[in-house]
Amino acid sequence: MGKHGKKQETSTHIISALVLNNPGVLQRIAGLFSRRGYNISSITVGTTETPNMARMTIVVKGDDKILEQVVKQLNKLIEVIKVSDLDVNKCVKRELCLVKIHTPDESSKSQVIQYTNVFRGKIVDISHESLTVEITGSSDKIDAFIDLVRTFGIKEMARTGLTALMRGPKVLKSKK
Amino acid sequence: MKGAEAFIKALEYEGVRVIFGYPGGALLPFYDALYDSDLIHILTRHEQGAAHAADGYARASGKVGVCVGTSGPGATNLVTGVATAYADSSPVIAITGQVPTRLIGNDAFQEIDALGIFMPIVKHNFQIRRSKDIPATVRAAFEIAKTGRPGPVHIDLPKDVQEEEFDIESNPIPAKVDLPGYKPTLKGHPRQVKMAAKAIMAAERPVIIAGGGVNISNATEELLKLAELCGIPVCTTLMGKGSFPEDHPLSLGMVGMHGTKPANYAVSECDLLIAIGCRFSDRITGDVSSFAPYAKVIHIDIDPAEIGKNVDVDIPIVGDAKLVLRDIIACLLKICGTEGKGLNNQNREEWLRYLESLKRSNIPKMDYEDIPIKPQRIVKELMDVIQELKLKDKIIVTTDVGQNQMWMAHYFKVHLPRTFISSGGLGTMGFGLPAAIGAKIARPESKVVCVTGDGGFMMNIQELATIADYEIPVVICIFDNRTLGMVYQWQNLFYGGRQCNVTFGESPDFVKVAKGFGIEAQRVTDPKDIKEVLREALLSDEPYLIDFVIDPSEGLPMVPPGGKLKNIIEPVRVPPRERIPSFQEIKRKLLGEAREKGLSKDGPQEMGTPVERETY
């Protein structure tokens with residue numbers, strides 16, 4: 001009959017978690033993901049408005065069943081205060097990227113500066129041979145920019161991974 | 001007051017009477033504080049023994065078991081025991097010593113990242129870095145271990161924190177701990193409860209699977225009431241054994257890979273499956289896609305993550321089994337009254353008759369006269385002697401892991417909760433003997449029988465010394481076939497009989513071993529002697545070991561892994577034929593190979609001889 005354990009479609013989910021900012025909490029959460037075989041696309045951690053709490057934004061790929069398990073398993077952790085699977089269409093998502101581009105001559109420099117302006121990025125460092133650009137936005141936008149400047153030669157790059165908040169007045173409450 | 005003293009005080013505050021442990025350098029202040037305390041400390045012979053004993057204590061009593069090991073190897077030795085407790089949701093506090101905080105991270109002597117090692121095998125863990133945190137941390141640890149879905153909690157305790165002076169007046173033990181991220185759901189949602197009651201009323205072919213959660217939440221009375229009120233047959237998981245009296249007409253025995261035919265058929269044919277405190281492990285479901293194919297599923301569990309994890313559920317109820325069952329019963333009584341008005345009785349009687357006939361036609365044969373002894377016969381005699389000596393409500397059985405465990409699970413009838421203690425989820429060989437120590441200490445008035453195999457017994461055989469030292473009267477029954485029987489059975493069934501490293505030789509003589517430890521022992525080779533020896537062992541108030549020499553070719557009926565539950569196959573009974581090579585043979589082989597490769601006769605061990613190698 002094939003009643004149980006049907007295959008479902010995979011999609012990308014953004015999980016926002018409020019956690020107690022204790023030593024080892026990142027290891028606990030990362031360990032949970034690796035142990036249960038959930039794939040993390042990106043994870044960001046930072047402090048919040050409450051001093052002893054941190055917010056983690058975790059991007060995972062998986063079907064609904066896996067996502068349900070991820071959220072439930074996260075909720076089981078004592079140091080996790082609140083978990084939410086954010087609605088991708090109803091949240092503000094941002095990522096920051098620093099990219100060092102090979103620009104040995106004036107023409108390449110001016111071209112990269114132009115592109116940066118179009119993408120509303122910033123030139124944050126400059127040298128004879130390179131420009132470092134800061135670019136913020138959705139992951140798509142950053143991908144597009146990187147694609148554009150790839151022809152110049154990317155010397156180095158650092159992306160933060162996605163961080164996100166729900167739109168509107170709703171918040172993750174610190175009550176389970 | 002020193003940190004260690006405060007720690008002991010905090011343990012006492014939690015009602016701890018007994019701890020199982022093994023001292024070491026990083027625990028010197030802890031043991032020094034223990035010197036002045038009323039706590040009973042059982043010194044095991046290995047930290048693993050301490051962890052299993054604490055687990056056995058917890059399972060037999062329902063209280064929190066406590067074990068202690070020192071830093072480094074002491075901590076790693078606890079790991080198997082703690083993981084065992086985690087897999088079976090047993091409330092255990094594992095305390096490890098740790099090097100002083102100033103040395104942490106320096107690869108100091110006997111330093112290990114205990115926090116990191118224990119993290120994936122505990123419900124939660126702590127490292128206490130200041131002595132003033134001791135009272136609140138211990139409180140939190142116990143709260144977490146014993147509430148909700150119970151589980152082990154680990155506390156890492158650096159040596160300097162144990163020695164640090166602090167003022168208990170200004171840091172008293174808090175009555176309540178603040179755990180903002182922890183609030184288990186106990187009461188089932190009324191709407192779900194009502195839906196469950198309605199489904200139960202409508203069902204024609206209902207069946208209950210009772211898991212370990214029923215034992216843990218002391219819901220046996222409620223389970224019995226529900227089953228009798230609505231005439232619902234009950235099967236249990238391994239961990240659920242004891243949650244329903246197995247001599248009850250509605251009992252179907254254990255379900256799953258080594259389940260009984262009536263139980264497996266009932267689950268496969270039911271139209272309503274009521275799963276209580278079970279997690280649908282692969283050992284229960286077999287092939288998930290064909291599990292309970294016609295059934296609507298009600299799943300009651302205190303852990304929301306278990307619901308929908310392995311099996312799709314129609315009516316999920318998150319809550320404590322006892323409370324949810326009470327609510328369902330109340331709901332049913334309200335709608336149907338005590339006479340069961342509106343229950344789908346007509347069709348249900350047919351269902352019960354069908355299962356009854358399955359039960360009658362599948363009474364297992366147990367009265368074998370064979371020599372070597374068939375294990376079924378020992379199980380039968382054990383049940384008979386328990387009956388004869390009127391020990392039914394006093395007996396606690398611990399098992400090891402493997403065939404001995406499954407023979408007991410399949411054939412041995414358990415009547416009361418917390419009297420069948422076995423490592424289910426992790427399947428830890430070596431569990432049985434130390435768990436028996438814990439069970440006997442937890443319930444000193446009970447009769448504790450440890451059923452074990454020769455393999456698992458030797459994994460913690462050192463605990464015989466603990467049993468001898470403290471004169472702990474447990475009866476140890478070794479099902480001795482000199483074979484790693486479960487692996488042997490699978491090799492015979494699924495690997496073309498290619499027996500590979502599943503045979504033990506004639507060493508040791510377990511009777512002599514036991515006597516060497518100062519423990520009374522007997523070997524039994526004839527089925528006619530089983531009863532007499534068991535009687536003597538159970539009546540004696542001293543430790544007693546019985547070495548039952550059993551037929552190594554005997555196996556268990558089973559569902560092949562990932563198979564359909566109704567597809568129960570019989571074991572192939574082939575005698576072990578594996579030969580164990582002697583060291584001399586191994587030596588000849590090794591040296592012969594060395595010669596073939598053109599090495600000197602002493603081989604590459606000869607220092608300074610350049611060995612020609614292929615370059616990569």
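Me: A cavity is a set of grid points where a 1.4 Å probe fits but cannot get out, and its volume is the space filled by probe spheres set on those points. With that in mind, what volume does the second largest cavity have?

Reply: This is a predicted model, and its second largest cavity comes to about 40 Å³. Rolling a probe the size of a water molecule over the atoms shows where empty space is left. The structure holds two cavities of 30 Å³ or more, and the largest has a volume of about 60 Å³.

Me: What makes a residue part of the lining of the second largest cavity?

Reply: A lining residue has an atom within 4 Å of a point of the cavity. For the second largest cavity, the residues that pass include Lys440(B), Lys447(B), Pro473(B), Asp541(B) and Glu542(B). The lining divides into four nonpolar, one polar and four charged residues. Lys and Glu count as charged, so Lys440(B) and Glu542(B) are among the charged ones.

Me: And how do the residues of the lining of the largest cavity divide?

Reply: There, seven are nonpolar, two are polar and two are charged. Among the lining residues are Lys392(B), Ile395(B), Phe412(B), His415(B) and Thr419(B). Ile and Phe count as nonpolar, so Ile395(B) and Phe412(B) belong to that group. Strand β13 of chain B, residues 395-399, gives the largest share of the lining, three residues.

Me: Why is Gln491(B) called buried?

Reply: Buried means under 20% relative accessible area; Gln491(B) has 11%, so the word fits. Gln491(B) sits in helix α20 of chain B, which covers residues 485-494. Its C-alpha atom is 19 Å from that of Ile550(B), 59 residues apart along the chain.

Me: Is Gln110(B) buried or exposed, or in between?

Reply: In between. The value for Gln110(B) is 26%, which is neither under 20% nor over 50%, so Gln110(B) is called partly exposed. Gln110(B) belongs to the loop between β4 (92-98) and α5 (114-118) of chain B.

Me: What is the phi of Gln110(B) near?

Reply: It is near 55°, a positive value in a residue other than glycine. Most residues other than glycine have a negative phi. Arg418(B) is another example, with phi near 60°. Arg418(B) lies in the loop between α16 (403-411) and β14 (420-421) of chain B. With a relative accessible area of 16%, which is under 20%, Arg418(B) therefore counts as buried.

Me: Which residues does a cis peptide bond join, with omega of about -5°?

Reply: One such bond joins Ile371(B) to Pro372(B), and another joins Ser507(B) to Pro508(B). Most peptide bonds are trans. Pro372(B) has its place in the loop between α14 (345-361) and α15 (375-388) of chain B, while Pro508(B) is in the loop between α20 and α21 (510-516).

Me: Why can we say that β1 and β3 of chain B pair?

Reply: Two strands pair if there are at least two bridges between them; two bridges join β1 (residues 18-21) to β3 (residues 65-69), so the condition is met. The two strands run parallel, and Phe20(B) stands opposite Cys67(B) in β3(B). Both strands belong to an open sheet of six strands with the order β2-β1-β3-β4-β6-β5 in chain B.

Me: What makes β2 and β5 of chain B edge strands?

Reply: Each of them pairs on one side only. Neighbouring strands in this sheet are turned by 20° against each other on average, direction ignored.

Me: Which order do the strands take in the open sheet that holds β9 of chain B?

Reply: The order is β9-β8-β7-β10-β11-β12, with parallel pairing. Its edge strands are β9 (251-254) and β12 (315-318), and the twist averages 15° from one strand to the next. Three bridges link β8 (residues 234-236) and β9(B), and Val234(B) stands opposite Ser251(B).

Me: In which sense do β6 and β7 of chain A pair?

Reply: They pair in the antiparallel sense over four bridges. At least two bridges are needed, so these strands qualify as a pair. Asp125(A) stands opposite Thr132(A) in β7(A), and a hairpin joins the two strands through three residues.

Terms used: Residues are numbered from 1 along each chain as its sequence is written. Chains are lettered from A and ligands numbered from 1 in the order in which they are written. This is a predicted model: local features need pLDDT of at least 70, side-chain atom pairs count only at pLDDT 80 or more; totals for chains, interfaces and linings use all residues. Side-chain values use heavy atoms; hydrogens and water are left out. Axes are lines fitted to C-alpha atoms, for helices over the stretch in contact, and angles run from 0 to 180 degrees between N-to-C directions. On a 1 Å grid over the protein atoms alone, a cavity is a set of points where a 1.4 Å probe fits but cannot get out, and a pocket is an open set with protein on both sides within 12 Å along at least five of seven lines; lining residues have an atom within 4 Å of a point. Buried means under 20% relative accessible area, exposed over 50%, partly exposed in between (1.4 Å probe, protein chains only).
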